Amino acid sequence: MMTRRVYRSIRLGLKTLTLHKLRSFLTMLGVVFGVASVVAMLAVGEGASREALDQIRKLGSTNIMLTSVKPVETEARTVSPWSMSMYGLLYEDQRRAQEAFATIRRTVPVKIIRKEGRLGARKLDLRIVGTTPDWFDLVRRDVIAGRALTARDAERRASLVVLTEFGARRLLATEQTIGHTLRIGGEYYEVIGIVQSEAGQGGAMQTPDQQIDAYIPIEVARERYGDISQIVTSGSILRESVELHQLIVEVDQVEHVEATAAGLESMLRRFHPRMDYRISVPLGLLREAEATKRRFNIVLGSIAGISLLVGGIGIMNIMLASVTERTREIGIRRAVGAKRSQIITQFLIETTVLSTTGGAVGLALGLTIPWIIELAADMPTVVTGYSLVLAVGISLSVGLVFGIYPARHAANLDPIEALRHE
Amino acid sequence: MTQPVGAPSARGMPNGADLVCLEDITKIYQVGDTEVRALDGLTVSFQRGSFWAIMGPSGSGKSTLLNLLGCLDRPTAGRYVLEGQDVADLDDNALSTIRLRHIGFIFQSFNLIPQLTVRENIELPLFYLDWNPDRSRARAEETAARLGLSDRLNHRPAELSGGQQQRVAIARALAANPNMLLADEPTGNLDSATGAQIMAVLTELNQQGKTIIMVTHETDIARHARQRLHMRDGRIDSMEGAAA
Ligand SMILES: Nc1ncnc2c1ncn2[C@@H]1O[C@H](COP(=O)(O)OP(=O)(O)OP(=O)(O)O)[C@@H](O)[C@H]1O
Ligand SMILES: [Mg+2]
């Protein structure tokens, strides 16, 4: 019953709108752009945040990274060419952290030494990473060939090395290279595996690994290279003593990450008054990325909101003009026996047809824009089903909200006066 | 129709043959400080099956009376009984329903909806009665045929002559099969030959049982009616042909 009348009213609405094609089209523009910007905005925002989340996930959301940082004042005091600066995280810190926090599952120490590596005739400046086998678990890098370091390797203090995909390529190492010998400084290491490297794939996020890494057991690194490193610069030799360059902490649950990070922070502050460390929490970055996304959505959302408001007012304006133009028609319908509510329905359906047609065009445009952005700006975009539902919802409600006033105005006209209207 | 129990027996009060009864109807328009008494204590009843011509000088309240009869307007004071139902105090929705079911309007300026076809114009009351499309279509075609409009169903009003447009308006008034047709100067925009044709249509409809109340100021046109009512200053001046 009701649906039949609605269907016929929609047909009538379309008929009236096609009677004034240009006018209807211009009226729709506001909704077109409003809906288009909502859809495009959501696609770009979703794409950006997925990319950010992807990177953060690579860092591990239950990890906390502690990094040694050279304190600023030490740098200024380096007057003597033989002076040595001591800073950074200590083995003691690792022990303390492990003991003090029940929420910490594992800690992975990292010692970094810069040396040149030689494989056959090829050379590459390497970042030697002395670490424990857990590193490969926490940082989650795939083994491409051979194997990663194991606890037994560590126990045996074996001279073994794992290369990254990038390093392997530069040294012309292949699967056949596994078992061959890599020379680092004056020492010899057997290449046992090649792992994937995530670093340097774009994005501002710092990763614990780099492309030029070569992983060896930390015991070996400690034994062979000690804590002191020399950096020869023009005219002076900079000597540094750092026990641990990084400490990667794995927390048992995502919910405990932030509290643990805060606890670590206050603990470290007590033992490192010079602030020669930095804490970064991938989860915090994730939260930050989400907050950025929210801000982005608010800005674009208000732009979309304003164009929808303008579009809605445009529709209201045109509908009021249309009500005036069709005053006589309204009078006729009322004289024939239409109720006020039926006049309201008729005009609401017309505005809704107008706004949803605009919404459909806007949706088409809004789906094209992300596609163009992806091609032109090389930004990932993701169109979610949610944004389609939103587009339909928005255009429907613009029609209803801005149609109600003109519709009521039409329904409240005095039929006798309406009939007399020229 | 049933007669209301205990109805007053004053002149013009309902008896079984009356379709409409007006009792002491006053309609006052407030224009600025001055009151315009468009109808001034009017009491009259129209019998079922009658064909009235309402005449009188301009401004005597003819259209006001017709609008009241058609439930387009409410009196300032007085009682209005239509088909045994007191309608003076009904709300807007109820009045709309009465117009839809019991009354067909015919206007001087035809008042067809320009963007609708002849068929759609005729179907308008059926649309609001929520008839199913097949039934509504059949009724529109049948009514159009009665008025010689069968070959014009898909035309727009603007493509028709004045006489044809008025016949479409009559078809629309008849579509829901109401008992009463109200016509305000139905021939006012037509030449006399076409006017006579329209009057022939109305006469035939009256013979088929429709009660017709028509406003006109042309004596030639009024002659087609069986009863005549003359108005002056919102009151009845004289009546002729009324069945006692
Ligand atoms: N909406 C209104 N507001 C104020 N006065 C009105 C209104 N409608 C009618 N009147 C007045 O009521 C009186 C009767 O008007 P009505 O239209 O009924 O006259 P009429 O007999 O139909 O005249 P005509 O033959 O010119 O159509 C007139 O004096 C008119 O000015
Ligand atoms: Mg008049």
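**Exercise 1. Work out how enclosed strand β3(B) is and where its side chains point.**

Step 1: count. Five of the five residues of β3(B) are buried, so the strand is largely enclosed by the rest of the structure. Here, buried is under 20% relative accessible area, exposed is over 50%, and partly exposed falls in between, with a 1.4 Å probe and protein chains only. Helices (H or I, at least four residues) and strands (E, at least two) are DSSP runs, numbered from the N terminus.

A word on the model before going on: it's predicted, so local features need pLDDT of at least 70 and side-chain atom pairs count only at pLDDT 80 or more, while totals for chains, interfaces and linings use all residues. Residues are numbered from 1 along each chain as its sequence is written, chains are lettered from A and ligands numbered from 1 in the order in which they are written, and side-chain values use heavy atoms, with hydrogens and water left out.

Step 2: sort by direction. B:F51, B:A53 and B:M55 point one way, B:W52 and B:I54 the other way, and all are buried. That fits a general rule: in a regular strand the side chains alternate between the two faces of the sheet.

Step 3: find the partners. Two strands pair if DSSP finds at least two bridges between them. β3(B) pairs with β8(B) in the parallel sense over four bridges, with B:V215 in β8(B) as the bridge partner of B:I54. With β9(B), β3(B) (residues 51–55) also pairs in the parallel sense, over four bridges; there B:W52 has B:Q227 as its bridge partner.

**Exercise 2. Lay out the six-strand sheet of chain B and find its edges.**

Step 1: the order is β6-β7-β8-β3-β9-β10 in an open sheet, and the pairing is mixed.

Step 2: β6 (103–106) and β10 of chain B are the edge strands, each pairing on one side only.

Step 3: for the twist, ignore direction and neighbouring strands are turned by 20 degrees against each other on average. Axes are lines fitted to C-alpha atoms, for helices over the stretch in contact, and angles run from 0 to 180 degrees between N-to-C directions.

Step 4: add the helix. α6(B) (residues 192–207) packs on the sheet and touches β3, β6, β7 (180–184) and β8 (211–215) of chain B; contact means heavy atoms within 4.5 Å. The direction of α6(B) makes about 150 degrees with that of β8(B).

Step 5: look at the β10(B) end. β9(B) (227–232) and β10(B) (235–240) pair in the antiparallel sense over five bridges, and B:L229 stands opposite B:M239. These two strands form a hairpin with two residues between them, and B:D233 in the turn has a positive phi of about 50 degrees.

**Exercise 3. Do the same for the four-strand sheet of chain B.**

Step 1: this open sheet runs β2-β1-β4-β5, with antiparallel pairing.

Step 2: β2 (34–47) and β5 (85–86) stand at the edges with a single partner strand each, so one side of each has no neighbour in the sheet.

Step 3: β1(B) (residues 18–31) and β2(B) share 11 bridges in the antiparallel sense; B:I28 has B:R37 as its bridge partner in β2(B).

Step 4: α1(B) (residues 62–69) lies across β1, β2 and β4 (77–82), at about 125 degrees to β1(B).

**Exercise 4. Check the length of helix α4(B), then find its buried side.**

Step 1: the expected span is 1.5 Å times one less than the number of residues. For the 14 residues of α4(B) (133–146) that gives 20 Å, and the end C-alpha atoms are 20 Å apart, which agrees.

Step 2: B:S136, B:A140, B:T143 and B:A144 are buried. They cover an arc of only 100 degrees around the axis, going by directions from the helix axis to the C-beta atoms, which puts them on the same side of α4(B).

Step 3: the cover over these buried residues includes α3 (118–128) and α5 (162–175) of chain B.

Step 4: inspect the ends. At the start, a side-chain oxygen of B:N132 reaches to within 3.0 Å of the backbone nitrogen of B:D134. Just after the helix, B:G148 takes a positive phi of about 70 degrees.

Methods:
Polar contact = N/O pair within 3.5 Å; in protein donor to acceptor, adjacent residues only side chain to side chain.
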